[in-house]
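User: Please take a close look at one part of this structure and then follow its surroundings outwards. Explain each term when it first appears, as for a first-year student.

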Amino acid sequence: MPLETLEQILARAGAAVPGAQLSLVKNDSPCAQHSLAVDVEHAYAVAQFLRDDPQLRLDYCSNVTGVDYLDAELSEKVKVKKLVDGVEKEVEEVKKTQRAGYLEAVYHLYSMALKHGPVILRQRTPGRADPVRVTSLTPLWRSAEFQEREVFDLYGVLFDGHPDLRRILMWDGFKDYPMRKDYVEPDDYEYEPTPHDEVLARAKAHQAAQEVGA
Amino acid sequence: MLGTGILKGMLETAKNFAGSYHDPARLTTVEYPEQRIASKENARQFPFLVHDTEDPMKGLRCVACQICEKECPPQCIYIVKSKDKRADYKGQMQLYPVTFDIDLSVCMSCQICVEVCPFESIKMDTEFELSNTDRFGGLLVNKHQLAKSNDHYRKIHPSEAAASDAALAVEVAKAQAKAKADVEAKAKAAAEAKAKADAAAAATPVGAVPSAPQPSSPATGPAAAPAA
Amino acid sequence: MDAPANRTVQSVGQGREGELLEVAMGPQHPSTHGVFRMDVVLDGETVVKLKPVFGYLHRNHEKIAENTSYLGSMPYTDRLDYFCSLSNNWAYALSVEKLAGLQVPERAEYIRLITAELTRVLNHTCLAGFLLQDMGALGTPLMYAFREREKILDLIESLTGARMMCNYMRFGGCRCDLPPGWLDEAKKVVAEYPKFLDEFDALLSGNEILMARTQGVGKLSAELAISAGITGPMLRASGVDYDLRKVDNYGIYSRYPFRVPLGDHGDVYDRYMIRMLEMRESLKILEPALNDIPDGPVVDPKAKLRGFRPKPGEAYGRIESPKGELGFHLISDGSPNPYRYRVRPPSLINLTILEDMCLGQTIADAVITLGSVDIVLGEVDR
């Protein structure tokens, strides 16, 4: 696919949209689909650049994925030079960092005109506390309309500038966001006689809660 | 001319209508349940457990390793392991399932349990007429209902069963060869041989007894070696 | 309310001229292809507003997949677009192979191509039948289509063991080899299929009623189609040359020459004809592929069935499923379950512009426009 490297795209997009905070997100899997992370404020301008630039012409937004990352402790092995018994040696140390959780909307962009892609664009929210906001790209690509609605429905990410942000798959009165990693199912459990211990335990707990409630 | 397309179409339906009286290509349905289409060899409906002996419960190949229970995508299998052990088809002491239930109302016939089973003990049946008046209990089948003989398996999936039998025969041959070697070793020096047998037993796959495998007496029965 | 004695029988609409009527079509409606609802506002018979409502078949497939192993999701993908379980399997297997860097043996690539093209033929056959059913040709075309579909389903059953829920592909290949005699059976079906297509064409494609009913109905411009991410036959009916089999060159499609039919008008008739033509192109791929298939293993021996844990990373894999671009976006964190499993459903995204296509048309045309989109609710709602 005759597509410039992601570093080049990043440099040109950064030049075209002053103030945009762009960074490269590495992907370690064998397919090496690296992606561009962009800050929420400049996402629209960067996306517009990607769509309208004559070399890129990413006129087709294939896929919008919502992802939830919880607060996590990341541990990575770092080689550190240390004095061991008076001799300087390289020692592997486990470095632990706290990562604040965030939600993410990932856009897979292709070009139907030039038949290349994907360029992957990520918008990350600063944190997980509601309300989480990102910029809607539906005005640029209609195909994002239902998919952003779905991300809103299942993850609770608000898309600023979306023309019709309603629940799409869950019903209107539904409260929670079921795809979040910390989602807890409501206790509306219906007992069905399967032999699993856990099912029976759950049914028992549910019945006990009902009795207390009544 | 307007209407030719419609007339052409009517001609086609007329051909089909006339053909449906004599042409087998136009007559594709059968009168179920009086007539039936033979089941395909690969066809699968719901799982069953294979047994080798007259008494289905004694000859179950299942060793209650619970791999299928873990891998089953809709979690429709439920197994309780036995406390004691009994000899399997090659004379090795193994656990057996005290309870083996499959909830057919949950099962989605995906065959993953069959693929992951290392003991050739769960296979797919071709029985599909399972309608029942009891919505829950009627489709929750236990190991007595699930157990079917190897002959049944050979009948419904001949080539697959042949491959399965061959694989088991290889296992049996291996076990016999090992048993023979063990006996010879025993004859050499009793104390040393015992230690060796222990080592060999420790190297056998999942569920094997860590103590002496008792290879010379495969018919010891289930009560022979109570588990700790 | 008036007392019963004072009430008179009124005809429907009396005194309501010029008022708008709101109709909820579905979720139980024969022409919505499942549990799909369109909230339509009508001015007389003309559609002035149309809002699709989804979720009646929602089971949160993606959440289920995040709680199941990579292999355990394979049978669930069958249930997305239940007409095309083999191409769903392929899309998922392809994405996982991208994620884990697995190779697929030659024979498995051929089997995948053959089964995917059979699935395409099967899907388009059914769609043609359903579309005619929506137009009011009750029964006959649909039954003819189902008769032919049955031949392909028989092939699929003798290969995979199930007619529709195949669960056949595995990461790095296919589950089992072709049964003896299968290739001859398949060749026979493929050789006889053009006869059916000719029959169907004679029956309908030149039919004046069909033309009057479909031409100029549900028009979609190329610009809007691209922006709205429409894929598959619907996009090509609007004249955009974008077929992933040509663009991405996945599998072994580059070895077989085939043409991509394109439409001029983007109306319902074009969408119907594109599918009829695509079936013939698929048969052109199938014929040589069934002859060329080499011997060999059908699954990569290094691929693990149990305990499959791809390294952390992510991958987006997509194929040209019969309905459009079917993609799977997988994010792995190194555990046996995917961290994120996202399906890019062509049926859902192709519905984005349903309102645009239906506005200003009669309600009966909205029904066939929806029929020509080709949706399966298992995939729309997931």
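Analyst: Two residues are in contact when they have heavy atoms within 4.5 Å of each other. This is a predicted model, in which local features need pLDDT of at least 70 and side-chain atom pairs count only at pLDDT 80 or more, while totals for chains, interfaces and linings use all residues. Residues are numbered from 1 along each chain as its sequence is written, chains are lettered from A and ligands numbered from 1 in the order in which they are written, and side-chain values use heavy atoms, leaving out hydrogens and water.

The starting point is C:G218, which touches C:G266, C:D267, C:R271, C:M357, C:Q361 and C:T369 when residues up to four places away in sequence are not counted. C:G218 sits in the loop between α7 (208-214) and α8 (222-227) of chain C. Helices (H or I, at least four residues) and strands (E, at least two) are DSSP runs, numbered from the N terminus. With a relative accessible area of 0%, C:G218 is buried; buried means under 20% relative accessible area, exposed over 50%, and partly exposed in between, with a 1.4 Å probe and protein chains only. The C-alpha atoms of C:G218 and C:D365 are 7.4 Å apart in space, although 147 residues separate the two in sequence.

From this residue the account turns to the border of chain C with chain A. Here 47 residues of chain C are in contact with 44 residues of chain A. The area buried between the two chains is about 3,700 Å², and carbon and sulfur atoms give 54% of this area. C:E314, C:Y316 and C:Y339 supply 17% of the area that chain C buries against chain A, more than any other three residues. Buried area is the accessible area (1.4 Å probe) that two parts lose on being put together, summed over both.

Charged and polar pairs also occur at this border. Five salt bridges are counted between chain C and chain A, a salt bridge being a side-chain nitrogen of Lys or Arg within 4 Å of a carboxyl oxygen of Asp or Glu. In addition, 27 residue pairs across the interface are in polar contact, both residues being at pLDDT 80 or more. On the side of chain C that touches chain A, strand β8 (residues 313-321) gives the most, with five residues. By class, that side of chain C holds 22 nonpolar, 10 polar and 15 charged residues. A polar contact is a pair of N or O atoms within 3.5 Å; within protein, one must be able to donate a hydrogen and the other to accept it, and residues adjacent in sequence count only if both atoms are side-chain atoms. For the classes, Ala, Val, Leu, Ile, Met, Phe, Trp, Tyr, Cys and Pro count as nonpolar, Asp, Glu, Lys and Arg as charged, and the others, Gly among them, as polar.

C:R342 takes part in salt bridges on both sides of the border. Its side chain meets that of A:E150 in a salt bridge of 3.1 Å, N to O. Within its own chain, C:R342 forms a salt bridge with C:E62, the closest N and O atoms being 3.8 Å apart. C:R342 lies in strand β10 (residues 340-344) and C:E62 in helix α1 of chain C, so this pair ties together parts that are 280 residues apart in sequence. Both C:R342 and C:E62 are buried. A network of salt bridges links A:E150, A:K181, C:E62, C:E66, C:R340, C:R342 and C:R382.

Aromatic rings form a further set of pairs, 27 over all chains. The ring centres of A:Y60 and C:Y242 are 5.8 Å apart and the planes stand at 80°, so this pair is edge-to-face. The pair crosses from strand β3 (residues 60-69) of chain A, where A:Y60 lies, to C:Y242 in the loop between α9 (233-237) and α10 (244-247) of chain C. A:Y60 is buried at 0% relative accessibility, and C:Y242 is buried at 2%. A:F146 and C:F54 also form an edge-to-face pair, with 5.2 Å centre to centre and 75° between the planes. Rings of Phe, Tyr and Trp (its six-membered ring) pair if their centres lie within 6.5 Å; planes under 30 degrees apart count as stacked, over 60 as edge-to-face and the rest as tilted. Both A:F146 and C:F54 are buried.
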